[in-house]
Amino acid sequence: MAHILISGAGVAGPALALLLVRAGHQVSLIERASGLRLGGQAVDLRGAGRTVVEAMGLMPAVRALALRQRGMSWVDARGRARARMGVDAFAGEGFISEIEILRGDLAQIMYDATRQAVQYEFGNSVVELRQDDQGVDVAFESGPRRRFDLVVGADGLASTTRRLEFGEGGMRSLGCLIAWFTAPDPGDLDGWYEMYLARGGRNASLRPGRLPGEAKAALGLRIAPGTAFPSGRDEQRSLLRSRFAGLGWRVPELLSAAESADDFAFAEIGQVHLPSWSRGRVVLLGDAAASPSPLTGLGTSVALVQAYVLAGELAAAGGDHRRAFARYEQVCRPYVDRAQEMPPGGAAGFAPMSEAMIRLQTLSMRLATRWPMRPMLQKQFGKAADVVLPDYDLVATARRSVPPAGPVGR
Ligand SMILES: Cc1cc2nc3c(=O)[nH]c(=O)nc-3n(C[C@H](O)[C@H](O)[C@H](O)COP(=O)(O)OP(=O)(O)OC[C@H]3O[C@@H](n4cnc5c(N)ncnc54)[C@H](O)[C@@H]3O)c2cc1C
């Protein structure tokens, strides 16, 4: 059995780790942040992503923490609902899907399910990978070099593993930035995920949290693709203050919450397109390999499906990583390609520039369940289930208990 290093303790990394230890591998997981990053709004568990969570045996834990929501509401500057889509639209697979969970809760569930069996190391990063026929020598920001049989890059959109092994390309900016953070619950959301679109490509939203007193906010804005954006927290907050200045709805309260939120996360919105997800003994997973972007609502489902197939193919190939990586890609590619097709409107629909486009976007959401919007959206939402998951033995043993963690490196 192999000793496998995973870089990134988001959703994809721990999900893969769980399935790998169940198949008998030894797994070390390194995360650059000093602890789990529990930020983010909600992520949808749709279609095949949901099937994977069930196969992992984690659905009861997910259901226990799932959000109770009524749907999505597009509001104007005075907070009046201009269009609404209930949670039951599109058979529970619409903009708000039947099972949504805070991203932080899902990351915590995955971590709790693996912490005994996986060697976690926080506050460290891979800085060099050197592979030969037998393994990969890995140098870290801190600590000695170590050797592993395989390395998995699950380190997100701006993956270090991808840069080290595949070079700088791969990421395609969609010309949007987004900040996610916790804000005080205003007390009158009444289960609705409210979204306010403002001229100049600005999108502000607030949705119910899980804990009393908490709601989850996001501020998104358009930029010219390829424009440099600040990496420091203070500069990021200052950019939000200047771009969202003077707006109505709940924007002043959100800007003030962004100043103090300890889970403030700021990212470019982009997709990752690579001709291959592996090189030798290094393989990519989740956003690092093929982010479809938060605009598709499919990032987490893609990551879970990839984790399931990668672990399953490694088990099926009996140690032949070349065969496993080729099959991993063969099974997942068509699903990922469809997931990466943008929803109607794309970035312009997420944060329209003009008042006329905002009105058009709101109107199309009001008519979402009628022709011609219905078939277009149905196609988008239907992609989540658009993969036939192989039935790996691994799944049959999914409820097996996991062995305790082994030593780091070999
Ligand atoms: C804080 C945060 C909030 C998010 N909120 C949302 C949201 O509200 N809605 C949505 O649709 N998507 C959100 N996403 C993206 C979403 O989590 C992913 O699209 C999806 O779940 C696939 O997950 P992933 O594990 O591939 O990537 P991610 O969830 O991005 O996880 C990647 C992990 O790798 C770590 N990492 C990065 N660089 C290194 C390195 N050099 N070494 C080690 N570790 C590294 C990161 O700190 C992170 O923990 C968020 C991501 C993050 C990090």
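In this predicted model, the largest contribution to the shell around the ligand comes from helix H9, which gives 3 residues. Helix H9 spans residues 299-316, and strand E2, spanning residues 26-31, likewise supplies at least two residues of that shell. The shell holds 28 residues, of which Glu31, Gln41, Arg103, Thr160 and Asp287 come nearest to the ligand. By residue class, the shell around the ligand divides into 10 nonpolar, 12 polar and 6 charged residues.

Polar contacts to the ligand involve both backbone and side-chain atoms of the protein. A polar side-chain atom of aspartate 287 is placed 2.8 Å from a ligand oxygen atom. For valine 11, the atom concerned is a backbone N or O, at 2.9 Å from an oxygen atom of the ligand. Serine 125 approaches a nitrogen atom of the ligand instead, with a polar side-chain atom at a distance of 3.0 Å. On its own the ligand has 920 Å² of accessible area, and the protein covers 92% of this.

Salt bridges number 20 in the model. Side chains of opposite charge can pair when their charged atoms come close. Aspartate 76 and arginine 80 form one such pair, with an N to O distance of 2.8 Å. Aspartate 76 has a relative accessibility of 13% and is therefore classed as buried, the limit being under 20%. Its partner arginine 80 is partly exposed, at 37% relative accessible area. The pair belongs to a network of salt bridges that links Asp76, Arg80 and Arg82.

A second salt bridge joins the side chains of arginine 145 and glutamate 128, at 2.3 Å from N to O. The two residues are 17 apart in sequence and connect distant parts of the chain. Arginine 145 sits in the loop between strand E9 (136-140) and strand E10 (146-148), whereas glutamate 128 belongs to strand E8, residues 126-131. Both partners are partly exposed, with relative accessible areas of 42% for arginine 145 and 27% for glutamate 128.

In the salt bridge between lysine 216 and glutamate 214, the closest N and O atoms are 3.8 Å apart. Lysine 216 is buried, with 6% relative accessible area, while glutamate 214 counts as partly exposed at 24%.

Backbone geometry was also examined. Most residues other than glycine have a negative phi. Tryptophan 249 departs from this pattern, with a positive phi of about 50°. Tryptophan 249 lies in the loop that runs between helix H6 (233-244) and helix H7 (251-260), and its relative accessibility of 11% places it among buried residues. Serine 293, also not a glycine, has a positive phi near 90°. This serine is found in the loop between helix H8 (287-290) and H9. Serine 293 is buried, with a relative accessible area of 2%.

On the surface, Met357, Leu360, Leu363 and Leu367 form a nonpolar patch with about 320 Å² of accessible area together. Within this patch, methionine 357 is part of helix H12, which covers residues 355-366. Methionine 357 has a relative accessible area of 39% and is partly exposed; this value qualifies it for the patch because patch residues need over 30% relative accessible area.

Methods: Residues are numbered from 1 along each chain as its sequence is written. This is a predicted model: local features need pLDDT of at least 70, side-chain atom pairs count only at pLDDT 80 or more; totals for chains, interfaces and linings use all residues. Side-chain values use heavy atoms; hydrogens and water are left out. A residue is near a molecule or strand if one of its heavy atoms lies within 4 Å of it. A polar contact is a pair of N or O atoms within 3.5 Å; within protein, one must be able to donate a hydrogen and the other to accept it, and residues adjacent in sequence count only if both atoms are side-chain atoms. Accessible areas come from the Shrake-Rupley method with a 1.4 Å probe; for residues, only the protein chains shown count as cover. Helices (H or I, at least four residues) and strands (E, at least two) are DSSP runs, numbered from the N terminus. Ala, Val, Leu, Ile, Met, Phe, Trp, Tyr, Cys and Pro count as nonpolar, Asp, Glu, Lys and Arg as charged, and the others, Gly among them, as polar. Patches are made of residues with over 30% relative accessible area and no salt bridge: like charges are joined within 9 Å, nonpolar side chains (Val, Leu, Ile, Met, Phe, Trp, Tyr) within 5 Å. A salt bridge is a side-chain nitrogen of Lys or Arg within 4 Å of a carboxyl oxygen of Asp or Glu. Buried means under 20% relative accessible area, exposed over 50%, partly exposed in between (1.4 Å probe, protein chains only).
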